[in-house]
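Got the viewer open? Let's take a walk through this one together, a stop at a time.

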Amino acid sequence: MIAPEGKIILIPLLILVILGTGIQAFYPTMGLKWMNLFLACITVFSLYFFRDPQRIPPNADGFLAPADGKIVQIREIEDDELGKAWQISIFLSVWNVHSQRVPLSGKVLSKKYYPGKFFAAYKHKASKDNEQTSVLFEGERGNKFKIKQIAGWIARRIINYMEPKKNVERGERLGFIRFGSRVDIIVPEKFQLDVSLGDIVKGNQTIIGRFK
């Protein structure tokens, strides 16, 4: 299944490939072969990048990974709203699924957008300095947590579907980041981590941990 966020790119690409192929057929001396091949490769890559597999969350209780990728940082921080907390950072390469999901049922308390820079998403300073959207949630049991969508060097378009006061379900679509990026999870220090640095996680499938 293709994510709806990718249709704006795929449609013009497909039109260009079809037009180029048609022109090449009638005017073979125009030298469009390599351009058409290039456009076709971009189209195939875009189809792969904007895939949005339908995943059923596991029945087991737990806080799900909001995104696919590799855990590149786990550290203790002082958060303005959560106090002492854990930051778990997931780096998404261009080969990962870039759709994000709600990790736990609850309610959206706030959403904030921060303009910023575009350092490579695997660099830890991206968590603080890069353009990002931060959403504060409250779970059904009253536990608060944050999910940050962070733009990277290539990714410069964050899409977020959350709105304050909205009730959300575990596994619901949270948003999408076009191309390489980073997703940070901020949870209170009482949170029990079930993952380690370097682990590969799958959005809506891997259990990150649970509130004690």
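Before the first stop, a word on pairing: two strands count as paired if DSSP finds at least two bridges between them. With that in hand, select glutamate 78, whose bridge partner in strand 3 is lysine 84. Keep in mind that what you are looking at is a predicted model.

**Strands 2 and 3**

Widen the selection to residues 69–79, which is strand 2, and to residues 83–92, which is strand 3. The two run antiparallel and are joined by nine bridges. Where one passes into the other, look for a hairpin of three residues.

Strand 2 has another partner to find. Select residues 200–201, and you have strand 13, which pairs with strand 2 in the antiparallel sense over two bridges. Glycine 69 stands opposite valine 201 there.

**Step back for the whole chain**

Now zoom out and colour by secondary structure. You should be able to pick out three helices and 14 strands. Of the 212 residues in the chain, 48% are buried. If you switch on a surface, its accessible area comes to about 11,200 Å², with 60% belonging to carbon and sulfur atoms. How much of the contact list joins residues 24 or more positions apart? Among contacts with a separation of 6 or more, the share is 69%.

**Two open sheets**

Select strands 1, 14 and 12. They form an open sheet in that order, with antiparallel pairing. Strand 1 (63–64) and strand 12 (191–193) each have a single partner strand, so one side of each is left without a neighbour in the sheet. Strand 14 covers residues 207–211 and is joined to strand 1 by two bridges. To see this up close, click leucine 64 and its bridge partner, isoleucine 207.

Next, select strands 4, 10 and 8, another open sheet of three strands in that order, again antiparallel. Here the edges are strand 4 (99–101) and strand 8 (158–160), each pairing on one side only. Ignoring direction, neighbouring strands in this sheet are turned by 20° against each other on average. Strand 10 (residues 173–177) meets strand 4 through three bridges, and serine 99 stands opposite phenylalanine 176.

**Strand 6 and its partners**

Select residues 132–139. This is strand 6, and seven of its eight residues are buried, so it is largely enclosed by the rest of the structure. Add strand 5 (residues 106–114), which pairs with strand 6 in the antiparallel sense over eight bridges. Then add strand 7, joined to strand 6 by seven bridges, also antiparallel. Leucine 136 and lysine 146 are bridge partners in this pairing. Four residues lie between strands 6 and 7 in their hairpin, and glycine 142 in the turn has a positive phi of about 90°.

Pause on glycine 139, in strand 6. Is this residue buried or exposed? With a relative accessible area of 7%, glycine 139 falls under the 20% cut-off and is buried. Glycine 106 stands opposite it. Leaving aside neighbours within four places in sequence, glycine 139 is in contact with Ser105, Gly106 and Phe145.

**Charged pairs**

For the last stretch, show the side chains of Lys, Arg, Asp and Glu. The whole structure holds eight salt bridges. Start with lysine 146 and aspartate 79, whose closest N and O atoms are 3.1 Å apart. That pair ties strand 7 to strand 2, across 67 residues of sequence. Both partners are buried. Add Glu81 and Lys112, and you have the network of salt bridges that links them with Asp79 and Lys146.

Another long-range link is glutamate 163 with lysine 111, at 3.4 Å between the closest N and O atoms. Glutamate 163 is in the loop between strand 8 and strand 9, while lysine 111 is in strand 5. Glutamate 163 is partly exposed at 43%, and lysine 111 is partly exposed at 29%.

Then try aspartate 184 and arginine 182, also a salt bridge at 3.4 Å. Aspartate 184 is buried at 1% relative accessible area, and arginine 182 is buried at 0%.

Finish at lysine 148 in strand 7. This lysine is buried but has no salt bridge; the nearest side chain of opposite charge is aspartate 79, 5.2 Å away. Its contacts beyond four places in sequence include Ser127, Arg182 and Asp184.

Conventions: Residues numbered from 1 in each chain as written. Predicted model: local features only at pLDDT ≥ 70, side-chain atom pairs only at ≥ 80, totals over all residues. Heavy atoms only, no water. Buried < 20%, exposed > 50% of the residue type's maximum accessible area, 1.4 Å probe, protein only. Contact = heavy atoms within 4.5 Å. Areas by Shrake-Rupley, 256 points an atom, 1.4 Å probe, with all protein chains shown as cover. Axes fitted to C-alpha atoms, helices over the stretch in contact; angles between N-to-C directions. Lys, Arg positive; Asp, Glu negative; His and termini not counted. Salt bridge = Lys/Arg side-chain N within 4 Å of Asp/Glu carboxyl O.
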